[in-house]
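This report describes the fold of a single protein chain, moving from one strand pairing outward to its sheets, helices and cores. Please read it alongside the sequence and the coordinates.

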Amino acid sequence: MRILAACDAVDVIMSILEQPTDVCCATTQTLKKFHLEMAMAMSLGWATAEDMHVALRDDIEIERPFKGKAFAHHIAAITGVKLPDWTLLQAIIVAAPEVLVAETEDEGILVAVALEVDRLRGRKWAYDNGEVHGIALDLEHLGGHDFDCTVSEFADYNRTIWIENNAEEALAFLNGDLAELNHVVDNFDTDWIANYVSPEQQNIQGDPSYDSGVYYNGVGVEVWPRAVRYTIIDRNNNVIRKVINIDTATYRKLSTAMRVHAYGDAQRVVEAKRIVPLEIH
């Protein structure tokens, strides 16, 4: 995860940490603002809070690695107060989820869900009366690690996270509780995501640059600029596909080998396996 540090976002995050809410109750002791600012600055790579504010005073956004553990460590070192490692991430999800930049698919889903519950915060839900049936999430894969999320309180039998008869969990989720959001991320089936393209499929979109056009010892090969896909037919006639990501240098080697041998020539498979070894477990 990375964070887009900006002056206004830092101020809002600080206010959440100063006066913990029911969701963001990291500690029963109210920490001083200058302690929080110092820990925030140090966790984002600045030596002091003043350095951070100078860097951000022109309302620019500076992308930095997210280091929640570092924040908790600095708070402990400065004040002696021990906070959970997730304290800063929880505060950001409640205060300013728009500053989070995902670097994995799970992080992308978490950010999308956090943005949606942030948009809906304050809305009156049926769960307020304990009438819990389920929370429906429509997730759409926008590409890479970016997702879009729409939440409703009505069951969608294709894309529903069920929180049966537990209004407390439902409200915690809708209030942006990190544990509940992570529970959804961990249990959401990728088959329910609209336009989903898995990480291994992202590099094999469209027609391959080269195709063996034939199987050799039960193996066929296709080559894209960033990946090789082997198709294996085992002894029981089961079809197994394995995608291996490659770099530019490897693609050049494969391109040279593929051009030497024509489509339908088993030597294409032999050369591909020599350049990109195939391991079947």
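## Strand β8 and its sheet

In this predicted model, V223 has V228 of β9 as its bridge partner. That pair belongs to a longer register, since six bridges join strand β8 (residues 219-224) to strand β9 (residues 227-233), and the two run antiparallel. The connection between β8 and β9 is a hairpin that passes through two residues. On the β7 side, two bridges join β7 to β8, again in an antiparallel arrangement, and Y210 stands opposite V223.

Individual cross-strand positions in the two sheets can be set out together.

| Residue | Opposite residue | Strand of the opposite residue |
|---|---|---|
| Y210 | V223 | β8 |
| G220 | T231 | β9 |
| I3 | L100 | β3 |

These strands are part of an open sheet of four strands, ordered β7-β8-β9-β10 with antiparallel pairing. Because β7 (210-211) and β10 (239-245) each have a single partner strand, they stand at the edges, and one side of each is left without a neighbour in the sheet.

How many of the residues of β8 are buried? Six of its six residues are, and the strand is thus described as mostly covered. In a regular strand the side chains alternate between the two faces of the sheet. In β8, V219, V221 and V223 point one way while G220, E222 and W224 point the other way, and all are buried. Helix α10 (residues 267-275) lies across β7, β8 and β9, running at about 65 degrees to β8.

## The three-stranded sheet

A separate description applies to the strands β2, β1 and β3, which form an open sheet in the order β2-β1-β3 with antiparallel pairing. Here β2 (62-65) and β3 (100-101) stand at the edges, each with a single partner strand, so one side of each lacks a neighbour in the sheet. Two bridges join strand β1 (residues 2-5) to β3, the two running antiparallel, and I3 is the residue of the table that faces L100 in β3.

## Covered helical positions

Helix α5 (residues 87-95) is mostly covered, with nine of its nine residues buried; among them are the polar-named positions T87 and Q90 as well as L88, L89 and I92. L88 also appears among the contacts of S43, a residue found in helix α2 (residues 33-43). Leaving aside residues up to four places away in sequence, S43 touches P65, K67, A70, F71, H74 and L88. Because its relative accessibility is 2%, below the 20% cut-off, S43 counts as buried.

## Cores and overall packing

The largest nonpolar core has 62 residues, of which I13, F71, V113, L137, V151 and F173 touch the most other members. Helix α6 (residues 105-120) supplies the largest share of this core, eight residues. Domain 1 (1-100) and domain 2 (102-196) both give residues to this core, so it lies between them. A second, separate core of 18 residues includes V219, A257, I275 and L278.

For the protein as a whole, the secondary structure comes to 10 helices and 10 strands, and buried residues make up 45% of the 281 residues. Among contacts between residues at least 6 apart in sequence, 60% join residues at least 24 apart. The protein exposes about 15,000 Å², of which carbon and sulfur atoms supply 46%.

Notes. Residues numbered from 1 in each chain as written. Predicted model: local features only at pLDDT ≥ 70, side-chain atom pairs only at ≥ 80, totals over all residues. Heavy atoms only, no water. Buried < 20%, exposed > 50% of the residue type's maximum accessible area, 1.4 Å probe, protein only. Pairing = 2+ DSSP bridges. Contact = heavy atoms within 4.5 Å. Axes fitted to C-alpha atoms, helices over the stretch in contact; angles between N-to-C directions. Areas by Shrake-Rupley, 256 points an atom, 1.4 Å probe, with all protein chains shown as cover. Core = buried A, V, L, I, M, F, W, Y, C linked by side-chain atoms within 4.5 Å. Domains from an automatic or database assignment.
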